[in-house]
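Reader: I should be grateful for a close look at one hairpin, and for an account that then places it beside the other parts of the chain. Please proceed step by step, so that each part can be followed on the display.

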Amino acid sequence: MPHTQIQTARCAALVGPYLSGKTSLLESLLSAAGATTRKGSVRDGNAVGDSSPEAKARQMSVEVNLASFEYLGERWTVLDCPGSVELVCETQNALMVADVAVIVAEAAPEKAVLLAPLFKFLDDNRIPHLLFINKVDGLGDLRVRDVVQAYQAVSARKLVLREVPIREGGKITGFVDLVSERAWHFNPHKPSNLVQIPDSLKDREHEARQEMLEAVADYDDALLEKLLEDVAPDTQEVYDRLASELAEDLIVPVFFGSAENDNGIRRLLKALRHEGPDVATTAERAGIPADAAVAAQVFKTLNGSHAGKISLARVWRGTVSDGMTLGGERVSGVFRMMGHNQEKLSQAAAGEVVALGRLDKAATGDLLTDKGNAGRPAPWPELPSPVFGLALHAQNRNDEVKLTAAIQKLVEEDPALRLDQSADTSELVLWGQGDIHLQIAMDRLRNKFNVTVKGVPPQVPYRESIRKSTSHHARYKRQTGGHGQFADIHVEVKPLPRGTGFQFEDGIVGGVVPRQFIPAVETGVRDYAVRGPLGFPVVDFAVKLTGGQFHAVDSSEMAFKTVARQAMTEALPACDPVLLEPILTVSIAVPSDFTSKVQRLVSGRRGQILGYDARPGWQGWDEVKAYLPQAEMHDLIVELRSLSLGVGTFTWSFERLQELTGKAADKAVEIRKEALAAQ
Ligand SMILES: Nc1nc2c(ncn2[C@@H]2O[C@H](COP(=O)(O)OP(=O)(O)OP(=O)(O)O)[C@@H](O)[C@H]2O)c(=O)[nH]1
């Protein structure tokens, strides 16, 4: 088939559920393209991807792996993206610079819903994608067309089967390509060989081909006319339509094979070669402005402790050369990546994916041009809202200072991480997408930045208030040597409605407490309110200064501050203190099959369901709204994922403080007292 030589390098992203075989497919693609002489494997831990200590320790991809190869005279970069839902930000950022995505999925119709978020993201961003059903070596009796039908239910675009399987002895031993109508027999770890289409498959092949052509003709009137008139379309015309409909994200071509056995890989490579869009088309889709001669976009940032900052970027237009000014900074090194190995280049042309050295101001998402840093152009994926937090403690106290700086570098590398210094509990809380996400971050702190930390569930920022009013008289009097200390006050303390905070009222008449000491009384009360009788900050109460006495020589601001603290210490325990717990509004999104389970989950966690509705823009998904105590949130995501095949997610915001009594309150107070005693 004639092929128009595409001059620029192209980029494909491998995406798909956790452990579907993306890293294995990358290895297989590299081997089929002749880029590696000896194929590595994920099982043996010698794959080009997953070479970091964090990936090896978990036998999973923990970040996007880059590899580059030449296939039939064209350069390709493959971005092997992590499959874990907890690392979705990394995957989405990589997808934004790819010409085409290959969704690698196992044949698991019962888990079709796992693909729903991915299909939606790709369609929302109009990223051309094809589906590769992997591991067909273990497919058993399952029919490929049934798998495609199950996956169709979660894809808004039509899935178009491009080949049909040849089965022998209950196993898939090859395939018939539906465009060329040629049959291939799989050979383990070797190219497939051309065979005759088995007679028993001819009808099925004909039927599947017709379905493919009809799907393509849905978007092409000329082809539709030919089909209606029973005119056989020209093969080249079919290839051209497949390419343009893929580029426009109108259809999703479906292939299958086995990455482990190198089956179906060359067919996939050929499809990418013939049908994958080029960089100019992708740059236009991504809305890259045409006015810059050179443009590159950062999709990932790495902060190596020795090598300095590295920005992984796709060159959209022009040529990026070592030493040039890009995004307003000097490029110090242009490298092509092969796993963790770097090949130094003097320059990289449009289409290439490269590592650029020491662009200190460039952030992930930034569009760098010869004119300057254009920032992050829309659309760029929104950061996922944090669903899991851990309070970090450096194992070595001397590392506390290093810790904050190191985490900031980590957040630059992984924008889905967020660091909060809690004003209530003074804990350093790292937020992310789940326990694995944060454990990887903590491993990186140790391996890259030499800071060992422990992560514990963050404290709940309880507050306390009072339920009764009281009046109190307090006197502070000290006579030590020279002049003494004297302050005397009468106060009224009363509860305020929820959410009012603290109010101080000056009710002094006739100057019994001189004007200059009144702010000191308020300060004393506020100082006390940091930790009330139950050990938590006191809120929603009012203190009125109603009277008092002073001494011309011994009274001071300090004395009035002290007497105010004393008055509170004595008065508040008599005001029926009550614990207040933070309640959050939580919006939980799941496929509607799981909605009733979510409702039970919420009730089991002392939550209150507010209702549920269809999730806007997500066909077949619901959004359950509820109030949930913050104390019940820590591992909510873990349980939610386990009841929803991993796809459930939620957002939250603070709603209000609510009284907590009984055993749960006693327990919280007890834990707090123990923590304070240990300080
Ligand atoms: N039987 C069979 N196993 C496969 C095939 N491809 C991959 N595997 C196995 O599936 C497991 C996961 O493979 P990986 O390549 O690490 O999967 P991945 O999608 O990169 O994983 P994450 O990026 O961590 O989500 C490994 O044990 C592979 O050996 C295949 O075609 N057939």
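**A hairpin and its surroundings**

Author: Strand 17, residues 334-338, and strand 18, residues 341-345, run antiparallel and are joined by 5 bridges. The model in which they appear is a predicted one. Within this pair, arginine 336 of strand 17 has glutamate 343 in strand 18 as its bridge partner. The two strands form a hairpin with 2 residues between them, and glycine 339 in the turn has a positive phi of about 60 degrees. As background, most residues other than glycine have a negative phi.

Two further hairpins occur in a sheet formed by strands 7 to 10. This sheet is open, contains 4 strands in the order 7-8-9-10, and is paired in the antiparallel sense. Its edges are strand 7 (163-168) and strand 10, each of which pairs on one side only. From one strand to the next, the twist averages 35 degrees.

The sheet can be followed from strand 7 onwards. Strand 7 pairs with strand 8 over 6 bridges, in the antiparallel sense, and glutamate 163 stands opposite aspartate 177 of strand 8. Strand 8 (residues 171-177) in turn pairs with strand 9 (residues 182-187) over 4 bridges, again antiparallel. In this second pairing aspartate 177 stands opposite arginine 182 of strand 9. Aspartate 177 therefore appears in both pairings, with glutamate 163 across from it in one and arginine 182 in the other, under the rule that two strands pair if at least two bridges are found between them.

The hairpin of strand 8 and strand 9 has 4 residues between its strands, and glutamate 181 there takes a positive phi near 55 degrees. Strand 9 is also joined to strand 10 (residues 190-195) by 4 bridges, and these strands run antiparallel. Alanine 183 has valine 195 in strand 10 as its bridge partner. The hairpin of strand 9 and strand 10 has 2 residues between the strands, and histidine 189 in the turn has a positive phi of about 60 degrees.

Further along the chain, another open sheet has 4 strands in the order 24-25-23-26, with antiparallel pairing. Strand 24 (418-421) and strand 26 (453-456) are its edge strands, each pairing on one side only. Neighbouring strands in this sheet are turned against each other by 35 degrees on average, direction ignored. Within the sheet, strand 23 (residues 388-394) and strand 25 (residues 428-432) run antiparallel and are joined by 4 bridges. Phenylalanine 388 has glycine 432 of strand 25 as its bridge partner.

The loop between strand 22 (372-373) and strand 23 contains proline 379. A cis peptide bond joins alanine 378 to proline 379, with omega at about -5 degrees. For context, most peptide bonds are trans. Another backbone feature is found at aspartate 576, where phi is near 55 degrees, a positive value in a residue other than glycine. Aspartate 576 lies in the loop between helix 14 (557-571) and strand 32 (577-591).

The ligand is surrounded by 20 residues, and the closest are Lys22, Thr23, Ser24, Asp137 and Glu260. Helix 1 (residues 22-32) contributes the largest share of this shell, 3 residues. By class, the shell divides into 7 nonpolar, 8 polar and 5 charged residues. A backbone N or O atom of leucine 19 lies 2.8 Å from an oxygen atom of the ligand, and a polar side-chain atom of lysine 22 lies 2.7 Å from a ligand oxygen atom. On aspartate 137, a polar side-chain atom lies 2.8 Å from a nitrogen atom of the ligand. The ligand taken alone exposes 660 Å², of which the protein buries 90%.

Two annotated spans complete the account. In an unreviewed entry, UniProt lists residues 459-576 as "domain: Translation elongation factor EFG/EF2". Over those residues the chain is 23% helix and 32% strand, with the end C-alpha atoms 24 Å apart. UniProt also lists residues 578-668, again in an unreviewed entry, as "domain: Elongation factor EFG". That span is 26% helix and 46% strand, and its end C-alpha atoms lie 12 Å apart.

Key. Residues are numbered from 1 along each chain as its sequence is written. This is a predicted model: local features need pLDDT of at least 70, side-chain atom pairs count only at pLDDT 80 or more; totals for chains, interfaces and linings use all residues. Side-chain values use heavy atoms; hydrogens and water are left out. UniProt positions are given in the numbering used here, feature names are shortened, and annotations may be inferred rather than shown by experiment. Axes are lines fitted to C-alpha atoms, for helices over the stretch in contact, and angles run from 0 to 180 degrees between N-to-C directions. A residue is near a molecule or strand if one of its heavy atoms lies within 4 Å of it. A polar contact is a pair of N or O atoms within 3.5 Å; within protein, one must be able to donate a hydrogen and the other to accept it, and residues adjacent in sequence count only if both atoms are side-chain atoms. Accessible areas come from the Shrake-Rupley method with a 1.4 Å probe; for residues, only the protein chains shown count as cover. Ala, Val, Leu, Ile, Met, Phe, Trp, Tyr, Cys and Pro count as nonpolar, Asp, Glu, Lys and Arg as charged, and the others, Gly among them, as polar.
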